[in-house]
Structures are given as structure tokens and as C-alpha cells.
Amino acid sequence: MSIPADLKYTESHEWVRTESDGTLTIGITDHAQEALGDVVFIELPPVGKTVAAGDAIAVIESVKAASDIYAPVSGEIVGANDALTGTPDQINGTPYESWLFKIKPAADAKTDRLIDAGAYATSIGE
Amino acid sequence: MYRIATRFGLCTLLPDGFTHLAQLKKPKPRAGSTHGLFLFSRTPEARSMSDLQHTPLHAAHLALNARMVDFGGWDMPVNYGSQIDEHHAVRTDAGMFDVSHMRVVDFTGDKAREFFKYAIANNVDKLTVPGKALYSCLLNPEGGVIDDLIVYYFADDNYRVVVNAGTAEKDIAWFGHLNAEGGFGLTISPRRDFAIVAVQGPNAREKVWQVLPETRDATAELKPFNAVQFPASSFGDVMLARTGYTGEDGFEIVVPATQVEVFWNALIAQGVKPAGLGARDTLRLEAGMNLYGQDMDDTVSPLDAGLAWTVDLSDTNRAFVGRAALEANGSKARFVGLILQKENGRAGGVLRAHQKVVTADGEGEITSGTFSPSMQESIAFARVPASVKPGDKVHVVIRDKQLPASVVKLPFVRNGKVLAAL
């Protein structure tokens with residue numbers, strides 16, 4: 001199970017990368033894509049949308065299940081990977097390269113939902 | 001069979017185990033039917049794996065690294081990697097399913113034919129040649145479906161039935177009750193000593209003959225919905241039936257539990273691809289085949305579940321259980337196929353069980369839905385007002401939006417060919 005050490009994670013199986021400009025890039029983990037199975041549909045948030053931490057802001061559907069994806073912090077959506085929507089199964093093959101959306105955190109955004117690779121590994125029983 | 005996903009969020013066709021996992025750390029649920037990835041976390045609350053039943057192929061599935069799920073109390077493989085790859089293997093080559101959780105039940109006694117003419121909605125008088133089989137519903141006196149099953153005729157005093165896993169105990173008890181109440185005097189023998197492997201696909205039968213060459217001559221000309229027993233094959237007492245749940249050709253093979261692992265491995269050596277419950281569901285949906293517990297249950301008439309063709313009323317002297325209720329109530333709804341329409345080449349979601357269907361004549365409900373790998377569209381079965389017909393356009397409520405869908409006749413796909421079109 002791949003859990004890159006240089007990323008942060010949420011307990012709802014998202015990975016989070018902090019970019020040099022402070023924005024966050026978010027996708028779903030290898031564990032999540034494997035559990036979901038073949039992804040067939042994704043719905044991304046619109047760029048410009050203001051979100052609160054914990055809001056369900058995207059949807060990933062595999063053949064067998066529909067799953068909400070949550071905003072790990074409050075802020076504004078500044079990017080959405082629309083290219084993925086045509087070939088959603090890329091998420092299965094390359095989960096850490098298939099980013100879903102980018103958030104510019106609000107000034108007072110709390111990052112306490114984020115855990116490190118070791119804590120995430122423990123949370124999934126690795 | 002399938003425990004239906006709760007409204008509480010999880011839109012899945014998978015059984016109880018997933019809904020239990022879904023109860024974990026739920027975020028605020030919203031109307032619509034999505035759910036966070038929490039569902040895949042491990043939890044102490046999930047049914048303990050040691051409480052689940054195992055088929056004789058359980059170790060083989062683990063050795064193949066299958067992703068396992070609780071399927072109605074059985075620990076079963078949902079996929080061995082990609083369920084879409086497994087689906088395509090069945091449509092283009094050969095795949096196989098461990099369906100040993102289903103139950104073979106043998107019935108012997110002089111009044112066997114009379115018994116089945118009374119007990120089930122289809123008419124075993126159609127079974128005139130040994131080995132011929134019939135798909136039928138087992139009804140309760142209110143005309144609801146207790147199970148759907150296949151009956152094989154071997155001799156006037158010797159029939160075999162295969163029933164669903166989740167309903168097996170219920171069915172056996174019901175058969176026992178009818179047998180006793182009617183004084184038929186049959187011996188009813190659930191055969192837990194048997195495993196079942198379904199090998200399906202255009203190349204399936206040839207690969208089975210490579211493993212069981214002694215069966216080729218007797219089954220090369222075997223017509224669909226017929227079976228042959230081989231009491232002394234190289235794998236013991238086996239039965240090959242030209243039946244299946246995928247819309248492709250193939251055999252469903254009853255084989256002694258003690259031999260099934262060697263049999264399974266011999267098929268793998270011939271290039272047959274193991275396929276799990278995920279692929280089984282997309283295949284059967286494309287093929288227009290009902291799933292008990294989802295498309296119908298004891299509260300649903302076969303006439304409202306697309307199964308009128310399995311109810312034989314032609315012999316007016318045949319009083320079978322549930323007949324009076326069916327004739328009194330008739331059909332109240334129509335059972336149709338739906339294909340979600342794409343807008344600008346993109347669909348707005350995936351059709352799922354329990355989504356509301358909005359039609360010009362009132363509301364209906366999806367009973368089973370999925371994304372079709374062979375069609376690259378989302379498809380579903382739905383129970384809708386009786387006046388709705390193929391060719392109509394309806395809407396399906398997905399995440400609070402009304403998305404357009406076309407009504408089509410079932411099946412969507414047969415023998416590898418897509419029949420239905422938007």
C-alpha cells in the first residue's frame with residue numbers, strides 16, 4: 001500500500017500536498033482507490049467556490065459505490081482537474097498524480113484534520 | 001441476497017458488510033446518496049470475519065489476493081483486481097465465478113412432479129427431456145416472490161433445484177412445509193457437499209472440455225437450459241448445465257466440494273479468469289437478469305418485476321401457490337430498463353438502486369443500477385407506472401438533480417452484443 005511520506009492525509013482517505021504558494025493540492029489515496037474499485041465518474045467543485053472544512057465538495061463514483069470527497073480545510077477552490085473527468089480511471093492507476101482540486105486556505109484555516117503518513121498508515125491498519 | 005444499501009448514504013449494490021462499515025464516523029449525511037470514503041476504514045463494529053461462512057474455494061480466493069466482502073453472511077470475493085477487466089474477460093473470452101454459496105437441493109419421490117406443479121409458478125410439465133431445466137419464481141400465498149431458482153428434471157422421481165445463498169434456509173423450510181402439508185412424501189436433500197463454479201464467456205465451454213474431456217461428447221450439442229450429470233468424472237460426481245447469469249454462453253458446474261479447488265486451478269491453467277461479485281453484478285444487469293432481494297422480494301409480484309414470462313397460467317387446472325393472488329391482483333407497475341443520457345458527451349452520475357424516477361405518469365424507483373462496462377453508459381432496472389414504455393424519456397433524481405434517461409426494453413446486452421440504444 002503506497003503512502004508517500006512527503007504528503008499529509010485525512011482520515012477520510014484524501015492526500016494533501018502543500019505547494020510553495022501555500023495552496024493545497026488534494027486527491028485520494030491508494031487505499032481509497034483500491035477499496036472503491038474501478039472509478040467511472042467524478043464531479044469536481046467549481047473554481048471560485050468558498051468551502052468550509054468538512055464540506056462534501058466532490059463526488060467519486062466507482063462501479064459499485066458513490067463516495068463524497070471532503071474539503072480538508074476551509075478556503076476557496078482555486079483549481080479543479082477537469083482533464084480527469086474524461087478518464088476517471090486514472091485515479092485507480094496513479095492516485096497520487098491524479099489530483100482532484102486545489103484549495104487556497106482561508107486565513108484562519110485550521111489544519112488539524114491533517115495527519116502524517118505514519119498516522120494514516122496506522123489508521124488503515126498497516 | 002443483497003442487503004439493500006441504506007438511505008443513510010451508501011449507494012452500493014454490495015451487501016450488509018459495507019453498510020455496517022458505512023455506519024462508521026459518519027459525516028453529516030446529505031439528501032442524495034453519497035457517502036464518504038470512511039466506509040472503507042477498518043472497524044471493530046463490522047461483522048467479525050470469523051462469523052462469516054466460507055465456500056470450499058475460500059483459501060483459493062485469498063491466495064489470489066481477492067478483495068473480500070461479507071455477502072449475506074458469506075466471505076466472498078468482490079474482485080481479484082479490476083472488476084471491469086473481469087467483466088470484459090467474460091464478454092470476450094472466459095471468466096469464472098465461485099457460486100458455492102448458492103445451494104443445490106435434491107428432491108426424490110414418486111410425487112416429485114406433482115409437488116413442483118403445486119409449489120412453483122412456472123410449470124415443470126414443460127420439462128419432458130431428462131436434463132431440461134426451468135427458471136421459476138417460488139411464490140408465497142400472497143403472490144410475492146420468496147426466491148427465484150432453477151429446477152432441473154432428471155426423472156419423474158428425481159429433480160434438482162439451485163437456490164440463492166441468502167434465501168436457501170428460507171426456501172428449504174418452505175419446501176419442507178409444502179411437502180409435509182400436502183403429504184407429497186418427498187425426500188428433500190440440501191447438498192452442502194457440492195460446490196458450484198460458473199464458467200462463462202464465448203470460450204468457456206471449450207476450456208471446460210479441456211479440463212473435463214470426458215464430458216465433451218455428451219454436452220457438445222447440449223441446448224441452453226439443459227444439464228447432464230456425470231457421476232464418475234475425473235472430478236467425481238459433477239453436473240454441467242448450459243445456464244448462466246451473464247448473458248454469455250458457458251456452463252454452471254456442480255462439483256464435489258472436496259474436488260473444487262483442484263478443478264478451479266485446472267480452469268485457471270486453461271486461461272479462465274477468476275471473476276468476483278462486482279463483475280457478476282455488471283454482467284447480469286447488462287443481460288437483463290433480476291437479482292433477488294433487490295429487483296424483487298416477498299412483497300413484490302413477479303408481474304411487477306419483469307418476470308411474467310416465468311409464470312405459467314396456461315393450464316387452468318394447475319393450482320400453484322400464489323396463483324389466486326396473482327390472478328386477483330394482476331400487474332400494478334411496469335419493469336423497464338433505463339439508460340442515463342449524456343449531456344455534452346458526459347453523464348451526470350451513475351444510476352443506483354432506490355433513486356427516484358420522475359415520469360409524466362407519476363413516480364417510479366430504480367431497483368438496480370450500475371455503470372455498464374460493455375456499453376460505457378450507466379444503466380438500470382426500474383419499476384415505473386404501468387403506462388411508461390420503451391422509447392419514453394424520464395428523469396432520475398441523482399444528488400438533488402433531475403437527470404434525463406431513456407426507457408428501453410431489456411436486456412441491454414446478449415452474447416457480447418449491445419442490443420439497447422439510447
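**Exercise 1. A pair across two strands**

Find the residue of β8(A) that stands opposite A:Thr50, then place the two strands in their sheet.

*Solution.*
Step 1. Start from A:Thr50. Facing this residue in β8(A) is A:Glu76. Note that the model is predicted.
Step 2. Look at the strands themselves. β5(A) and β8(A) are joined by two bridges and run antiparallel.
Step 3. Move to the next pairing. Strand β8 (residues 75-80) of chain A is linked by five bridges to strand β9 (residues 101-105) of chain A, again antiparallel. In this pairing A:Ile77 has A:Ile103 as its bridge partner, and A:Gly79 has A:Lys102.
Step 4. Now write the whole order. The open sheet has six strands, β1-β2-β3-β9-β8-β5 of chain A, with antiparallel pairing.
Step 5. Mark the edges. These are β1 (8-9) and β5 (50-51) of chain A, since each of them pairs on one side only.

**Exercise 2. An enclosed helix**

Decide whether helix α3 (residues 83-92) of chain B is largely enclosed or not, and say what covers its buried residues.

*Solution.*
Step 1. Count the buried residues. A residue needs 20 or more other C-beta atoms within 10 Å to be buried. Seven of the ten residues of α3(B) are buried, so the helix is largely enclosed by the rest of the structure.
Step 2. Name them. They are B:Gln83, B:Ile84, B:Glu86, B:His87, B:Ala89, B:Val90 and B:Arg91.
Step 3. Look for the cover. In chain B, it includes the strands β3 (74-79), β4 (95-98), β10 (194-200) and β14 (273-274), together with helix α9 (277-286).
Step 4. Take α9(B) on its own. Its axis is 8 Å from that of α3(B), and the two helices pack at an angle of about 55 degrees. The two are therefore oblique to each other. Their crossing is right-handed.
Step 5. List the residues that meet. From α3(B) come B:Gln83, B:Glu86, B:His87 and B:Val90; from α9(B) come B:Gly278, B:Ala279, B:Thr282 and B:Leu283.
Step 6. Recall a rule about helices. An α-helix has 3.6 residues a turn, so residues three or four places apart point the same way.

**Exercise 3. From helix to barrel**

Follow α9(B) to the strands it lies across, and describe the barrel that holds them.

*Solution.*
Step 1. Find the strands. α9(B) lies across β17 and β18 (377-385) of chain B. Its direction is at about 125 degrees to β17(B).
Step 2. Trace the barrel. The closed barrel has six strands, β15-β18-β17-β16-β19-β20 of chain B, and the pairing is antiparallel. On average, neighbouring strands of this sheet are turned by 40 degrees against each other, direction ignored.
Step 3. Check one pairing. Four bridges connect strand β16 (residues 356-359) of chain B with strand β17 (residues 362-372) of chain B, in the antiparallel sense. Here B:Thr359 stands opposite B:Gly362.

**Exercise 4. The core and a hairpin**

Locate the largest nonpolar core, then work out the surroundings of B:Ile253.

*Solution.*
Step 1. Size the core. It has 148 residues. The residues with the most contacts inside it are B:Val151, B:Val197, B:Val199, B:Ile253 and B:Leu338. Strand β7 (residues 145-155) of chain B gives the most to this core, with seven residues.
Step 2. List the contacts of B:Ile253, leaving aside neighbours within four places in sequence. They are B:Ile196, B:Val197, B:Val199, B:Val208, B:Val238, B:Met239 and B:Leu240.
Step 3. Place the strands. β12(B) and strand β13 (residues 250-256) of chain B pair antiparallel over three bridges. B:Met239 faces B:Val254 in β13(B).
Step 4. Cross to the other partner. Strand β11 (residues 227-233) and strand β12 (residues 236-241) of chain B run antiparallel and share five bridges. A hairpin of two residues joins them. B:Phe230 has B:Val238 as its bridge partner.

**Exercise 5. Buried or exposed?**

Classify B:Asp217 as buried or exposed.

*Solution.*
Step 1. Find the residue. B:Asp217 sits in helix α7 (residues 216-219) of chain B.
Step 2. Apply the cut-off. Exposed means 12 or fewer C-beta neighbours. B:Asp217 has 9 inside 10 Å, so it counts as exposed.
Step 3. Set this against the chain. Of the 422 residues of chain B, 51% are buried.

Conventions:
Residues numbered from 1 in each chain as written. Chains lettered and ligands numbered in written order. Predicted model: local features only at pLDDT ≥ 70, side-chain atom pairs only at ≥ 80, totals over all residues. Contact = placed C-beta atoms within 7 Å. Core = buried A, V, L, I, M, F, W, Y, C linked by C-beta atoms within 7 Å. Pairing = 2+ DSSP bridges. Axes fitted to C-alpha atoms, helices over the stretch in contact; angles between N-to-C directions. Parallel < 35°, antiparallel > 145°, perpendicular 65-115°, else oblique. Left-handed = near helix turned anticlockwise from the far one by under 90°.
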